[in-house]
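User: I'd like to go through this model and ask what stands behind each label. Can you set the values against the cut-offs for me?

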Amino acid sequence: MGTLWFWIVALMLTAYVVFDGFDLGVGIVYLFVARTETERARVLRSIGPVWDGNEVWLLAAGGTLFFAFPLLYASAFSGFYLPLMMVLWLLILRGVSIELRGHYADPLWRTFFDGLFSFSSALLTIFFGAAMGNVVRGVPIGADDYFFLPLWTNWQTGANPGILDWYTVLAGVFALAALSLHGALYLALKTEGDLERCALCIACRIWRATVVLTAAGIPATVLARPASLNNFKGHPVAFLAPLAVIASLGMMRYTMAKGSRLFSFLGSCGYLISMLVGAATGLFPVLLPAVGIAGRDITIDRAISDPHTLRVGLIWWSVGISLALMYSVIVYRQFWGKVPTDAEGYGH
Amino acid sequence: MHWLSAFLVFFGSWISGFFIIVTNAWMQHPVGYKLLPNGVYAVTSFTQLLLNPWALLEYSHNMCAAVVTASFVMSAVGALYLLQGREGPYGRIFLKLGVIAGIISCTLQVFPTGDLHGKYMAKNQPTAIAAMEGLFHTEKGAGMVLMGQPNYETETIDNPLVVNNVLSFLIYGTTAAEVEGLDHFPRDQWPSTLPLLFYSYHIMVGLGTWFGALMGIAALLLWRGKLYSSRWMLWLIMLSWPLPHIATTAGWMTAEIGRQPWLVHGLIRTAQGSSTHVSAGNSLFTLLGFLGMYTVLSLLWVIVVYNHIRSGPLVNGQAAHPQTVTV
């Protein structure tokens, strides 16, 4: 049961990265791709119907964590208190800037909200990358299973790390590249004309950065937490994940040169999924690794809820997630295809 | 399709409200739980949790308050349009709908929801009721303090304006009944911030009385067909729109401060629930951050809503009073 819930949470976080990832990415490349008011309105329309639904995956993953692994939830939400609050602020600012933009006619106000949207999207992505870096590297869990991380210490991994060190900053920059690539490919899929060309051109450049950062990131992870390799050594079949990473990078490159936008975007989805599956495989069965002397890793067995809770939870989770999936299918079908060029702006 | 979407929005938000209230009600009045050997409380009956009498009372009182707020905002917009002398039917429609919904919800807010909630609270959180009413000493035929300032040192109310016997009557239905004052309970069970609790409660009840009176007179005028031309009444309705927001906030403060010093009433004290690893400085920092952000957002919100109200509803896809948005 614990293993099942581990993969359920991993799946939901992956869904969050793949879905909300593209609208965060669109936010990052927004100011570079779209220059005029009509272009910006079209870009916002491409994510307008779906961005808030995509964010629900994060909320749902948090909720699932809360009932399946209460110890992890309590420990992590206390230890990452300050950065989590900052994420919340950024999520608020980002949502507000998308929604309020259309309600102000003055171009200066619109420019202000455009800047806020792009800034908060980029910063959120860096934060999420750094958060992932923290989970992979491990945190100084105390004897009481709690911890507190300062924002930074000496920028080194080891017994006394901060939220930010060389590894987590690398993870943040990596996330910035991977998600802007994801977002640019989504834009290329959803728009036409100059916008599509421009998005594709930016995607080609970011693709190179992503390849470099992937090549740096994998050895860095082994360096930051050597135990990440254990599962790969024990079950060589797990090496399929890094192979899939390379394959999807290749697929993106090939389809960007010639091929359909849909396949480039799917390549990017495959890339993110295989990266995250690889990371989850490296962690399993640990949920949050400990660094330093006092701490014990928070593992599935230690954090898992009461069996009765899990049984009841599985039923309700299935009901809830089916509703969410139905909603997603309806919305994505409704808005399938390119955003029409003559459409009105995203204001309602 | 529009109707279905609107219905789903209503259904989703009211269901979501119910689960929030269920959680809060469990903290106010825990039911259907057992204590596990490792010191963790586990829910044993989902039905009991959902049908917690406290939850049903709190939910009806709270949702009724939401309708009060909505009807005040709606009638205020209607009143504004009429005062401005705008053409078209919207001013009258908004005002009529707002006042009818307002008089119904204001009545339900006091009776039965508020009344029953108070009585249930007196039974299960007597310290909270005593502190809300500023009743320091146990009394037979206790009076209700309409206004006054609780004085911690002398344990009396300064400048009191009291109606005799009313409190006993409201809680127990007879004017002679004895109401337990704060002196009946050990000091470590008193809600920790008495004056704040007293004022929140009195602001809620005072404003509630104003809402009832205002909507009552407005409904009377509507019935006699004089409402649309009574400019003094339109002014009062228009100016009253922020008050339900304040009353709702004060009501929640009453519920939450009244529960103190408990996190879960009778089971876990608030001091036991506080985080050991997040420092007070950190919490203050984020609290100030939220305050700052919400101040800015409120300003933006006021601008947006004001502009939308000014340009009016769409008629055949066109704004009836097109305005360029100016800030």
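User: What makes Asn159(B) exposed or buried?

Analyst: This is a predicted model, and in it Asn159(B) has 8 other C-beta atoms within 10 Å. Exposed means 12 or fewer, so Asn159(B) counts as exposed. Asn159(B) is found in strand E5 of chain B, and has a positive phi of about 45 degrees without being a glycine.

User: And why is Glu155(B) called partly exposed?

Analyst: Glu155(B) has 14 C-beta neighbours inside 10 Å. The exposed class stops at 12 and the buried class starts at 20, so Glu155(B) falls in between and is called partly exposed. Glu155(B) sits in the loop between strand E4 (144-151) and strand E5 (156-163) of chain B. Phi is positive there too, near 55 degrees, and the residue isn't a glycine.

User: How do you know which peptide bonds are cis?

Analyst: Look at omega. From Phe284(A) to Pro285(A) omega is near 0 degrees, and that bond is cis. Pro285(A) is in the loop between helix H11 (261-283) and strand E1 (286-288) of chain A. The bond joining Phe111(B) and Pro112(B) is also cis, with omega about 10 degrees, and Pro112(B) is placed in helix H4 (residues 90-124) of chain B.

User: What makes the set around Val33(A) and Leu187(A) a nonpolar core?

Analyst: A core is built from buried nonpolar residues joined through C-beta atoms within 7 Å. The largest such set has 97 residues, and Val33(A), Ala184(A), Leu187(A), Ala199(A) and Ala203(A) have the most contacts inside it. Helix H1 (residues 2-33) of chain A supplies the largest share, 16 residues. Leaving out residues up to four places away in sequence, Leu187(A) touches, among others, Val26(A), Val29(A), Val33(A) and Ala199(A). Another core of 47 residues lies apart from it, with Phe72(B) and Met233(B) among its members.

User: Which residue class leads on the side of chain A that touches chain B?

Analyst: Nonpolar: that side has 13 nonpolar, three polar and two charged residues. The contact takes 18 residues from chain A and 15 residues from chain B. H5(A) gives the most to the chain A side, with seven residues.

User: What about confidence, and where does pLDDT stay under 50 in chain B?

Analyst: On the scale from 0 to 100, chain B averages a pLDDT of 88, and 96% of its residues score at least 70. Residues 323-327 of chain B are where pLDDT stays under 50. For the complex, the predictor gives an ipTM of 0.84 and a pTM of 0.87.

Notes: Residues numbered from 1 in each chain as written. Chains lettered and ligands numbered in written order. Predicted model: local features only at pLDDT ≥ 70, side-chain atom pairs only at ≥ 80, totals over all residues. Contact = placed C-beta atoms within 7 Å. Helix = DSSP H or I, 4+ residues; strand = E, 2+ residues; numbered from the N terminus. Nonpolar A, V, L, I, M, F, W, Y, C, P; charged D, E, K, R; others polar. pLDDT = per-residue confidence, 0-100.
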